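Biologist: Let us go through this structure together. I will ask, and you answer briefly.

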Amino acid sequence: MEIRKLLLDIFFALLVVSGSSPVSGHITRTPNAIGEQPLAQIAIEKAIFALHDSASISAHPLVLGLEGEDTQWVNVDLEFSEPSDNDWVGVFSPANFNSSNCYDADDYKEQSPYICSAPIKYKYANFSNSGYTNTGKACLKFQLINQRADFSFALFTGGLSNPKLVAVSNIITFANPKAPVYPRLALGKSWDEMTVTWTSGYNIDEAIPFVEWGFKGDFQRRSPAGTLTFHRNSMCGSPARTVGWRDPGFIHTSFLKDLWPNSMYTYRMGHLLSDGSYVWSKMYSFKSSPYPGQDSLQRVIIFGDMGKAERDGSNEYSNYQPGSLNTTDQLIKDLKNFDIVFHIGDMTYSNGYISQWDQFTSQVEPIASTVPYMVASGNHERDWPGTGSFYDTSDSGGECGVVAETMFYVPAENRAKFWYSADYGMFHFCIADTEHDWREGSEQYRFIEHCLASADRQKQPWLIFAAHRVLGYSSDMWYGLEGSFEEPMGRESLQRLWQKYKVDIAFFGHVHNYERICPIYQNQCVSSEKSHYSGTMNGTIHVVVGGAGSHLSEYSQVTPSWSLYRDYDFGFVKLTAFSHSSLLFEYKKSRDGEVYDSFTISRDYRDVLACVHDGCEATTLAS
């Protein structure tokens with residue numbers, strides 16, 4: 001015990017030096033800390049108004065999206081007679097970022113600073129302009145997306161910690177900043193329902209939202225949409241309530257019902273304006289779900305902790321979510337070869353900077369507009385002290401779940417409690433919320449048991465459990481030092497349910513790497529097989545798949561006997577159900593899309609019914 005305490009003391013001391021917290025994966029505010037939200041490095045509330053006669057900055061083109069685009073590149077030219085390596089350019093939206101829109105601060109020292117909104121992105125002036133410090137001239141390229149407001153660019157000197165505003169650009173805008181954008185598909189509460197969620201600048205008193213949809217080339221029907229939003233006072237703390245706040249616009253969800261199975265539909269989002277005219281989105285398409293139990297090829301993508309990144313190099317993201325774009329692009333490239341996505345927590349890592357949610361939904365739009373993009377809640381979506389989250393940390397940056405549960409639809413009974421079940425053909429999914437209590441006796445525990453018990457294994461033989469934090473097994477460095485190789489209290493209650501209901505695979509994120517565990521029960525492998533499982537499983541295979549984009553997590557120096565494959569790289573998992581009796585598991589790296597780990601399961605229905613340890617149905621000797 002003394003040795004363990006000494007190891008933990010040393011570990012915590014190292015973490016203090018590096019600025020990280022082992023329990024949450026959160027990084028405190030230190031310049032260039034790996035894992036910190038980049039916008040948090042900017043002390044925008046300390047900015048000084050110091051416009052300089054010899055500094056200028058301009059942006060063009062003035063109007064974006066003239067042909068309906070929702071993203072466009074912008075050129076920014078700047079000059080400054082006193083250049084330095086610390087000069088940087090921030091992109092502000094709305095363009096007017098002065099103190100007129102400031103928040104009420106508890107601390108009078110923070111009351112009404114000159115600038116009280118963080119930029120939506122930034123670049124150093126010498127980015128791709130190595131001669132800037134000699135010439136004082138630079139040209140930067142930014143990629144902007146439609147975010148319902150105009151934009152301006154500001155040149156700062158003094159670095160990120162002591163910014164001095166020396167020049168502000170002209171204003172640029174999208175032709176229709178309120179346009180409907182970034183659709184996100186999700187399964188509804190029944191197998192023949194698809195939901196479409198999107199963002200716009202239109203409130204219900206300005207326009208009526210709806211989706212026009214139908215078979216391609218056939219009659220197009222219209223389904224109404226509900227409208228939600230949230231406000232600054234919905235946030236639980238800073239920065240979401242202060243410098244990170246940005247108006248989210250309006251989030252609309254429409255329910256497309258009575259879909260025919262396995263059918264291609266086209267759709268577009270529309271808004272009927274008060275003058276009788278229409279505003280339309282681009283045209284999209286999706287394939288409806290198979291009937292539950294249908295015997296056909298069904299392919300599922302699963303990953304966690306992807307985050308977002310910037311294609312223009314903004315925000316110095318290289319140390320924050322270096323694999324995010326690789327994963328996104330690999331999935332876009334392979335879009336025709338999978339049917340549904342599960343992103344199991346830690347979606348954007350916005351950490352209270354609300355603008356980043358628009359940028360994330362834009363990044364995943366090619367995927368989420370085409371196949372259901374199902375999400376789970378992670379610590380960076382939900383956790384905030386004193387708000388009912390199971391972990392009393394500040395990892396959400398004050399969002400406390402509000403943004404995630406508004407921006408994405410999930411078929412939960414209560415979206416503030418982010419647990420739900422989902423059916424897709426031969427798969428039955430039980431998605432848990434690790435940021436709420438899951439232990440025996442809790443409301444969520446009762447849901448999990450009901451979800452697992454409700455699977456009709458004759459029709460849906462593939463039973464999948466997924467959650468953000470590792471409630472199963474992981475040889476992560478922190479878990480190893482803690483000694484349990486799991487989230488504290490993780491599997492003690494749930495492993496009995498996994499065994500009783502014969503869960504095939506349990507997926508987890510939070511730990512930013514890949515690891516596959518043997519079929520296991522109570523810390524013991526129940527099979528010596530590694531690549532092909534046949535017949536009765538006797539235990540659940542556990543998989544950590546949290547390496548989709550965020551900075552990678554180190555493994556314990558001890559490799560437990562139950563750990564079959566570990567990969568310190570970015571990647572995701574693909575499940576392919578060929579039939580009721582045949583399942584293929586593949587782990588793919590994001591950088592090349594190649595398979596680096598795989599196994600198969602082959603079995604019959606009687607193998608699912610077979611009695612296993614702590615998983616036997618009651619019998620009687622009566623005849």
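**Strands, pockets and buried residues**

Modeller: Keep in mind that this is a predicted model. In strand 31, isoleucine 301 has lysine 574 as its bridge partner.

Biologist: How many bridges join strand 19 to strand 31?

Modeller: Strand 31 covers residues 571-579. Isoleucine 301 is bridged there to lysine 574. The two strands run antiparallel, and the number of bridges joining them is five.

Biologist: Which residue in strand 20 stands opposite isoleucine 301?

Modeller: Strand 20 spans residues 340-344 and runs parallel to strand 19. Four bridges join the two. Opposite isoleucine 301 in strand 20 stands valine 341.

Biologist: How many residues of strand 19 are buried?

Modeller: Take the two faces in turn. Gln298, Val300 and Ile302 are buried on one side. Arg299, Ile301 and Phe303 are buried on the other. For strand 19, residues 298-303, the buried count is six of six.

Biologist: Now the open sheet. In what order do its five strands come?

Modeller: Strand 5 pairs with strand 6 (residues 121-124) in the antiparallel sense, over four bridges. Strand 5 is also joined to strand 8 (residues 152-157), again antiparallel, by five bridges. Strand 1 pairs with strand 9 (residues 164-168) in the parallel sense, over two bridges. The pairing is mixed, and the order is 1-9-8-5-6.

Biologist: Why is one side of strand 1 and of strand 6 left without a neighbour in the sheet?

Modeller: Start from the order, 1-9-8-5-6. Strand 1 (48-49) and strand 6 stand at the edges, so one side of each has no neighbour in the sheet. The reason is that each has a single partner strand.

Biologist: Which residue in strand 9 stands opposite phenylalanine 49?

Modeller: Strand 1 and strand 9 pair in the parallel sense. Opposite phenylalanine 49 in strand 9 is leucine 165.

Biologist: What is the bridge partner of valine 89 in strand 8?

Modeller: Glycine 90 stands opposite tyrosine 122, but that is in strand 6. Strand 8 is joined to strand 5 by five bridges. There, the partner of valine 89 is leucine 155.

Biologist: Are the faces of strand 5 covered or open, and how many of its residues are buried?

Modeller: One side holds Trp88, Gly90 and Phe92, and the other Val89 and Val91. Both faces are covered. The buried count for strand 5, residues 88-92, is five of five.

Biologist: What is the buried count in helix 4?

Modeller: Helix 4 runs over residues 355-363. Its buried residues include Trp357, Asp358 and Phe360. The count is nine of nine.

Biologist: Why does arginine 457 count as buried?

Modeller: Arginine 457 sits in the loop between helix 8 (443-453) and strand 24 (462-467). Buried means under 20% relative accessible area. Arginine 457 counts as buried because its relative accessibility is 10%.

Biologist: Which backbone oxygen does the side chain of arginine 457 reach at 2.9 Å?

Modeller: Beyond its neighbours within four places in sequence, arginine 457 contacts residues including Asp504, Arg603 and Tyr605. The backbone oxygen of lysine 502 lies 3.1 Å from a polar atom of its side chain. The backbone oxygen reached at 2.9 Å is that of tyrosine 501.

Biologist: What volume does the largest cavity have?

Modeller: The whole structure holds four cavities of 30 Å³ or more. Among the 14 residues lining the largest, Lys502, Asp504, Met537, Asn538 and Arg603 are closest to its centre. The lining divides into four nonpolar, five polar and five charged residues. The volume is about 120 Å³.

Biologist: How much space lies in the second largest pocket?

Modeller: This pocket is lined by 31 residues, with Ser93, Pro94, Trp245, Arg246 and Asp247 nearest its centre. By class they are 15 nonpolar, eleven polar and five charged. The space is about 510 Å³.

Biologist: What separation do the C-alpha atoms of histidine 542 and threonine 600 have?

Modeller: Histidine 542 lies in strand 29, residues 540-545. At 1% relative accessibility, histidine 542 counts as buried. Threonine 600 is 58 residues away along the chain. The C-alpha separation is 14 Å.

Conventions
Residues numbered from 1 in each chain as written. Predicted model: local features only at pLDDT ≥ 70, side-chain atom pairs only at ≥ 80, totals over all residues. Heavy atoms only, no water. Buried < 20%, exposed > 50% of the residue type's maximum accessible area, 1.4 Å probe, protein only. Polar contact = N/O pair within 3.5 Å; in protein donor to acceptor, adjacent residues only side chain to side chain. Contact = heavy atoms within 4.5 Å. 1 Å grid on protein atoms, 1.4 Å probe; cavity = no way out; pocket = protein on both sides within 12 Å on 5 of 7 lines; lining within 4 Å. Points joined across faces, edges and corners; volume = space filled by probe spheres on them. Nonpolar A, V, L, I, M, F, W, Y, C, P; charged D, E, K, R; others polar. Pairing = 2+ DSSP bridges.
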